[in-house]
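Welcome! Take a moment to look over the sequence and turn the structure around, and then we can walk through it together.

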Amino acid sequence: MGMMQEFREFAVKGNVIDLAVGVIIGGAFGKIVDSVVKDLIMPVVGMVFGKLDFSNLFVVLGDIPAGVPRTLTALQEAGVPVFAYGNFITVAVNFTILAFIIFIMIKQINRLKRQAPAAPPEPVATPEEVLLLREIRDQLRR
């Protein structure tokens, strides 16, 4: 029972729940960035470089069976080994954009944390010896 109790305490801590929420949001955000790269950025980059479609940049590493079209998806479905460097370029651009966005977000969070005003320090309690000495001083003045 001790191990289950420890696990339950660990699982309901705020940090674990925050991490779970972050992973879920990160997964959804990753899909958005993937769509931005695939559907918006890579077509523009391909147009600039001569109407290239990066998803169809590959090198065939084996024999192509008869009747199989020379497209990446058709070759992969036929089990032909393919060096798909176009997909790698797309994923690398996707990662770079995602890393940059996360960098900007963390930079802004850190900036907001630094701007939070520091709480004023609590006054230090006067030691009892000093209080007694002050009482003696005040009595001597009278």
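A residue is called buried when its relative accessible area is under 20%, exposed when that value is over 50%, and partly exposed in between. Glu128 makes a good trial case: with a relative accessible area of 59%, Glu128 is exposed, because that value is over 50%. You will find Glu128 in helix α5, which covers residues 128-141. Please keep in mind on this tour that the model is a predicted one.

Now step back to the whole chain. What does the secondary structure of the protein come to? There are five helices and two strands. Following the sequence, you meet them in the pattern α-α-β-α-β-α-α.

Next, consider the overall dimensions. Along the principal axes, the C-alpha atoms fill a box of roughly 115 × 50 × 20 Å. The radius of gyration of the protein is 32 Å, whereas a compact globule of 142 residues would have one near 14 Å. One pair of residues gives a feeling for these distances: Glu128 and Gly62 are 66 residues apart in sequence, and their C-alpha atoms are 89 Å apart in space.

How much of this chain is buried? Of the 142 residues, 11% count as buried. The protein exposes about 11900 Å², and 67% of that area is supplied by carbon and sulfur atoms. As for contacts between residues at least 6 apart in sequence, 45% of them join residues at least 24 apart.

With the general picture in place, let us visit helix α2, which spans residues 14-48 and includes Pro43. Is Pro43 buried, exposed or partly exposed? Pro43 has a relative accessibility of 42%, so it counts as partly exposed. Leaving aside residues up to four places away in sequence, Pro43 touches Val37 and Lys38. Phe54 lies eleven residues from Pro43 in sequence, and the two are 8.4 Å apart from C-alpha to C-alpha.

Our next stop is a patch on the surface. Which residues form this nonpolar patch? They are Val59, Leu61, Phe83 and Tyr85, and together they have about 390 Å² of accessible area. Tyr85 belongs to helix α4, which runs over residues 85-115. With a relative accessible area of 33%, Tyr85 is partly exposed. Why can Tyr85 be part of a patch? Patch residues need over 30% relative accessible area, and Tyr85 has 33%, so Tyr85 passes that cut-off.

Two members of the patch also meet as rings. A pair of aromatic rings is described by the distance of the centres and the angle of the planes. The structure holds one aromatic pair. This pair is formed by Phe83 and Tyr85, with 6.3 Å from centre to centre and 35° between the planes, and it is tilted.

Finally, let us turn to charges. Side chains of opposite charge can pair when their charged atoms come close. How many salt bridges does the structure have? The count comes to one. Its partners are Arg137 and Asp138, whose closest N and O atoms are 3.4 Å apart. This pair qualifies because a salt bridge asks for the nitrogen and the oxygen to be within 4 Å. Arg137 is partly exposed, at 40% relative accessibility, and Asp138 is also partly exposed, at 31%.

Key:
Residues numbered from 1 in each chain as written. Predicted model: local features only at pLDDT ≥ 70, side-chain atom pairs only at ≥ 80, totals over all residues. Heavy atoms only, no water. Patch = residues over 30% accessible without salt bridge, like charges linked within 9 Å, V, L, I, M, F, W, Y side chains within 5 Å. Areas by Shrake-Rupley, 256 points an atom, 1.4 Å probe, with all protein chains shown as cover. Salt bridge = Lys/Arg side-chain N within 4 Å of Asp/Glu carboxyl O. Helix = DSSP H or I, 4+ residues; strand = E, 2+ residues; numbered from the N terminus. Buried < 20%, exposed > 50% of the residue type's maximum accessible area, 1.4 Å probe, protein only. Phe/Tyr/Trp six-rings, centres within 6.5 Å; stacked < 30°, edge-to-face > 60°. Rg over C-alpha atoms; globule rule 2.2 N^0.38 Å. Contact = heavy atoms within 4.5 Å.
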